[in-house]
Amino acid sequence: MPEAFDPEDFSFVPEGHSSAGRLERVLRRGEFAVTAELNPPDSADPNKVYERGAVFDGWVDAINATDGSGANCHMSSVGICALLTRVGYAPVMQISCRDRNRIAIQGDVLGAAAMGVANILCLTGDGVQAGDQPGAKAVFDFDCMSLLAAIATMRDEGRFMSGRPITEPPRLFLGAAINPFAPPHDFRPLRLKKKIEAGAQFVQSQYCFDVAMLETYMARVRDLGLDERCFILVGVGPLASARAARWIRTNVPGIHIPDAIIERLEGARDQSREGANICIETMQQVKEMPGVSGVHVMAYRQEELVAEIVAKSGVLKGRRPWKPEPRPGDAAVIEAAAETQRILERAQSAQTHSPHTG
Amino acid sequence: MSFKRLRKKSSLTYRPAGTSPVRRGSLRFTVRAWSVRHARALEWLYRRFAGVLLKLHGLFARIGYQRVERPVLAVEKRVKGVLFDCRMCGQCVLSDTGMSCPMNCPKSLRNGPCGGVRANGHCEVEPDMPCVWVEAWKGSRAMRDGDAILRVQPALDQSLRGSSAWLRATAMSAAAKASSGGPV
Ligand code: SF4
């Protein structure tokens with residue numbers, strides 16, 4: 001049964017929670033959560049955002065709105081979140097330290113919270129050299145840790161970094177990113193500890209293509225008791241082909257893809273299918289890993305696969321996350337919701353007709 | 001992340017000779033790496049030196065911190081510049097970062113390595129340079145009080161850039177000592 005949409009939810013922070021959001025509720029209930037990343041449009045058309053959000057309807061608990069990921073310019077995360085919250089979605093607003101200073105970021109946090117954003121993910125951000133505008137000034141006024149601390153101060157102490165009071169503090173569920181697959185490996189779990197101390201309540205990881213390496217990391221995380229202090233969502237995603245995997249491995253810093261995965265893709269007749277299968281298997285494996293609270297699906301430019309991947313992996317155990325019911329009087333939203341329905345039906349029928357089902 | 005666009009870019013990218021920090025300032029870089037390798041000895045030296053400065057607090061206070069700022073700054077800039085490739089952020093955390101200056105990180109991260117560190121331990125932004133934080137972690141492991149690297153560092157106060165961290169630290173520990181009732 002889908003959970004009922006209660007607009008009142010956004011002003012109601014349950015006992016022991018720090019936000020009114022759905023993601024925090026799902027995680028605190030002990031449910032295995034699924035989040036997905038929305039591909040931000042290069043467009044000023046709000047319907048582009050609704051269309052791209054709609055493919056996840058009924059399959060994810062929250063949608064990540066990226067903030068210039070890969071240092072490429074797209075619609076802003078604040079803008080995407082503004083649109084998504086109008087429909088009632090639970091966005092995770094990503095904030096990268098690369099593009100804005102502390103004055104801009106603290107203002108954005110208040111604005112986002114006012115729009116109903118309940119989750120914020122604090123990121124360092126990719127270097128400007130990685131993107132389409134390498135001539136940009138890299139700001140990095142904060143790092144992800146001081147960013148977490150600043151937002152936690154705003155929320156918990158009701159004041160800006162300067163000490164000036166905030167009349168209505170933002171009620172937020174704070175997140176951070178982890179990369180268990182990059183050196184220095186023995187420092188990574190301790191860095192997670194640092195992030196928790198700075199304020200992280202949940203973390204989403206970089207793409208996991210190496211379950212053994214994740215297990216090593218998680219073992220240390222459990223030793224340190226960190227899985228008790230924060231919800232860990234493991235990043236997964238389908239690789240489109242062996243060629244794409246090889247290219248990503250050499251060109252995108254921070255993504256670790258073992259040779260075995262590439263060989264498996266190469267040996268497959270339908271490489272993109274195999275990529276999806278690998279993703280599904282990874283989800284099933286990490287679901288069984290103690291200390292893992294959910295998955296974060298990043299299916300860049302293959303977002304339409306997410307519903308199918310989540311359905312087949314069975315990680316939701318029959319649970320159906322919330323899907324939108326627009327408020328009356330908002331034509332654009334109602335139209336997008338109708339489109340949502342169509343896309344969802346298409347995804348579902350594609351799933352039942354898939355030769356790999358069963 | 002736009003894989004496609006990056007693919008196009010990487011084939012076209014023109015990297016002028018000497019762009020890499022390693023080649024740009026090979027001597028500075030070598031010394032910086034030496035300092036991290038000798039983090040433990042430098043930690044000891046630094047602690048001694050802080051003690052000496054603290055002893056001078058009375059003198060500094062009499063002359064006026066503002067007046068000593070200039071000569072101290074001149075020495076500090078040169079010494080730390082040579083040893084650590086220091087960027088004079090004004091809020092030195094070297095003893096918390098394995099004697100690897102975090103301001104040499106292209107993202108000026110003060111709390112640990114970003115997620116982009118390459119498999120060989122080199123920097124995401126500057127592929128020829130070992131990640132400042134991989135170095136910092138190594139340095140911290142050699143240090144006696146290396147676990148200071150696990151402390152969460154606050155955001156840098158950009159208004160203190162270019163000022164003397166030595167004097168600030170001295171004044172602060174003198175004040176701490178005074179408030180705890182000890183002789184200054
Ligand atoms: S790889 Fe290391 S040095 Fe390079 S930006 Fe990231 S943390 Fe800084």
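This text goes through a predicted model, from the barrel in chain A to one glutamine and then to the ligand shell in chain B.

Chain A contains a closed barrel built from 8 strands in the order β1-β2-β3-β4-β5-β6-β7-β8, and the strands pair in parallel. From one strand to the next, the twist averages 30°. One of the pairings joins strand β2, residues 62–65 of chain A, to strand β3, residues 91–96 of chain A. These two strands run in the parallel sense and are linked over 3 bridges. Within this pair, A:Asn64 stands opposite A:Val92 of β3.

The end of the strand order leads to A:Gln302. This residue belongs to the loop that connects β8 (292–297) with α11 (306–313) in chain A. Its relative accessible area is 11%, which is under 20%, so A:Gln302 counts as buried. Leaving aside residues up to four places away in sequence, A:Gln302 touches A:Pro238, A:Leu239 and A:Ala240. With A:Pro238 there is also a polar approach: a polar atom of the A:Gln302 side chain lies 3.0 Å from the backbone oxygen of A:Pro238.

The ligand is surrounded by residues of chain B. Four cysteines are found around the ligand, B:Cys105, B:Cys114, B:Cys123 and B:Cys131. The other residues around the ligand are B:Pro106, B:Lys107, B:Leu109, B:Pro113, B:Val117, B:Glu124, B:Val132 and B:Trp133. By class, the shell divides into 10 nonpolar and 2 charged residues, with no polar ones. The charged residues are B:Lys107 and B:Glu124, and cysteine is counted here as nonpolar.

Technical notes:
Residues are numbered from 1 along each chain as its sequence is written. Chains are lettered from A and ligands numbered from 1 in the order in which they are written. This is a predicted model: local features need pLDDT of at least 70, side-chain atom pairs count only at pLDDT 80 or more; totals for chains, interfaces and linings use all residues. Side-chain values use heavy atoms; hydrogens and water are left out. Two strands pair if DSSP finds at least two bridges between them. Helices (H or I, at least four residues) and strands (E, at least two) are DSSP runs, numbered from the N terminus. Axes are lines fitted to C-alpha atoms, for helices over the stretch in contact, and angles run from 0 to 180 degrees between N-to-C directions. A residue is near a molecule or strand if one of its heavy atoms lies within 4 Å of it. Buried means under 20% relative accessible area, exposed over 50%, partly exposed in between (1.4 Å probe, protein chains only). A polar contact is a pair of N or O atoms within 3.5 Å; within protein, one must be able to donate a hydrogen and the other to accept it, and residues adjacent in sequence count only if both atoms are side-chain atoms. Contact means heavy atoms within 4.5 Å.
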